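Q: I am new to this structure. Please take one part of it, go through it closely, and then follow the chain to a few places elsewhere.

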Amino acid sequence: DVQRAQSIEELRAMARKRVPNFCFEYVEGGAEEEISLRHNREVFTRIGFLPRTLVDVSVRRQGRRLFGQDIASPFLIGPTGFSGLLAREGDVAMASAAASAGVPFVLTNVSTTSLEEVVRRSGAQVWQQVYLYRDRAFVASVAQRAQAAGIGVLVLTTDSAVYGKREWDARNFSSPRRLDWRNKLDVLRHPRWLIDILYPHGFPRFANLGDLLPPDQTSVRGAAAAILGQSLSAALDWADVQWLRGIWPGKLVLKGVMQVEDAQRAVALGVDGIVLSNHGGRQLDGALSTMDVLPEVVAAVKGQLTVMLDGGFRRGADIVKAIALGADAVLLGRATTYGLAAGGQAGATRALEILRSEVDRVLALLACPDIDQLDASYLRRLQA
Ligand code: HOC
């Protein structure tokens, strides 16, 4: 029962039991040696808290304001693909969990429920993520549909010109669309997952990809992400950002920025926000963690655009550290995905509750009752 989970790590352990290996590895894995994946967690151990004391913390505030909207906590659910393999109608379940926690939900473009349906059924503040595919007209059509559905924020992922080298894909599949025997047997050991996900129509289908895939390849099976990765455009550059800025009237966010100069260029092009990201260690292995570069980016562009980040956030304390270093908000990836895989909407909701209560406790113990008062004076960087 997900209600018994006391930490994101416990939800992760439940998820590992509940879904077949090939699904869990998809959530869990990074690229190549997984150096960035590990560093994303280690980086938090090198930043210590320096609490104040003797401050009345009987009333505490952790809400933030993002793009003119109030959000209940300093985090939101970031875009994660293939949620439909982890829980039935996984995208709707995630969005509904976000709605009940009062935080936004970023819908991946590789979802198995249409963006219109996610907006309608969840009641969440939905943002839409998109990759730049070779087919620019397709990207424009996603933007048009998002606008018509009332979505106000478009998130362009910029770190995926080519698909990262994720070696578990090659291990789990005997051919790109076929699980190997070891994983087929493992699927049979998960009858609950089989019924929840595959009964009665088989593998769920991508709902927002239009003509991007041939009709016989729209089901989310096999190494679907790797196959789809072939339609990413390696030609993505600033001219595309300018083009998207021209056709998208809402807030535009770039996800995958790491360098100050790129953040400044985003400002110059009228972009509204950035998400510092190394894609959860799934793209360029060895890339620095976002917490390494956050202070310099904040110093350069704070006030000119909204600065968010993702990468390795599993504790309220991690989130508080990022806010103290000047971030506007944190995007959750694996933290809520483990919850979803552990117990559907209830599991994702539990993940959000755990993080909310941890943030609240850290604020109290730091003697900082209002999250807006956090700054770097509450932290000290430890020597490596
Ligand atoms: C079209 C590109 O971001 C991941 C996700 C999904 C990638 C989809 C492939 O696996 O990191």
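A: Helices here are DSSP runs of H or I with at least four residues, and they are numbered from the N terminus. By that count N40 belongs to helix α3. The model is a predicted one.

The part to look at closely is the ligand and what surrounds it. The shell consists of Y26, Y131, Y133, R166, A225, L228, L232, H279 and R282. Sorted by class, these are six nonpolar residues, one polar residue and two charged residues. Tyr counts as nonpolar in this sorting, together with Ala and Leu, because the classes are fixed by residue type. The two charged members are R166 and R282, and the polar one is H279.

Three side chains bring an N or O atom to an oxygen atom of the ligand. For Y26 the distance is 2.4 Å. For Y131 the separation is 2.6 Å, and for H279 it is 2.8 Å. Of the 340 Å² of accessible area that the ligand has on its own, the protein covers 95%. The ligand also takes up the space of the largest cavity. Such a cavity is a place where a 1.4 Å probe fits but cannot get out.

Some of the shell residues can be placed on helices. Helix α2 runs over 21-28, so Y26 falls inside this helix. Helix α10 covers 224-229, so A225 and L228 lie within this stretch.

From helix α2 the chain goes on to helix α3 (35-45), and E34 sits in the loop between them. E34 has a phi near 60°, a positive value in a residue that is not glycine. Because its relative accessibility is 23%, E34 counts as partly exposed. In helix α3, N40 is buried, because its relative accessible area is 3%. The N40 side chain forms a polar contact of 2.9 Å with the side chain of N278.

The chain also passes through a loop ahead of helix α10. This loop begins after α9 (191-198), and P200 is part of it. The peptide bond leading from Y199 into P200 is cis, with omega near -5°.

A second positive phi outside glycine occurs at E89, where the value is near 45°. E89 lies in the loop between β4 (75-77) and α4 (90-101). With 35% relative accessibility, E89 is partly exposed, because the limits for that class are 20% and 50%.

Two other places bring far parts of the chain together. R12 is in helix α1, residues 8-18. R12 counts as buried, because its relative accessibility is 18% and the cut-off is under 20%. Its C-alpha atom is 8.2 Å from that of A341, although 329 residues separate the two along the chain. V59 belongs to the loop between β1 (47-49) and β2 (64-66). At 68% relative accessibility V59 is exposed, because the limit for that class is over 50%. The C-alpha atoms of V59 and L363 are 10 Å apart, with their positions 304 residues apart along the chain.

To return to the ligand, the nine residues listed around it supply three side chains for the short distances given above: Y26, Y131 and H279.

Technical notes
Residues are numbered from 1 along each chain as its sequence is written. This is a predicted model: local features need pLDDT of at least 70, side-chain atom pairs count only at pLDDT 80 or more; totals for chains, interfaces and linings use all residues. Side-chain values use heavy atoms; hydrogens and water are left out. A residue is near a molecule or strand if one of its heavy atoms lies within 4 Å of it. A polar contact is a pair of N or O atoms within 3.5 Å; within protein, one must be able to donate a hydrogen and the other to accept it, and residues adjacent in sequence count only if both atoms are side-chain atoms. Accessible areas come from the Shrake-Rupley method with a 1.4 Å probe; for residues, only the protein chains shown count as cover. On a 1 Å grid over the protein atoms alone, a cavity is a set of points where a 1.4 Å probe fits but cannot get out, and a pocket is an open set with protein on both sides within 12 Å along at least five of seven lines; lining residues have an atom within 4 Å of a point. A molecule sits in a cavity or pocket if more than half of its atoms lie within 2 Å of its grid points. Helices (H or I, at least four residues) and strands (E, at least two) are DSSP runs, numbered from the N terminus. Buried means under 20% relative accessible area, exposed over 50%, partly exposed in between (1.4 Å probe, protein chains only).
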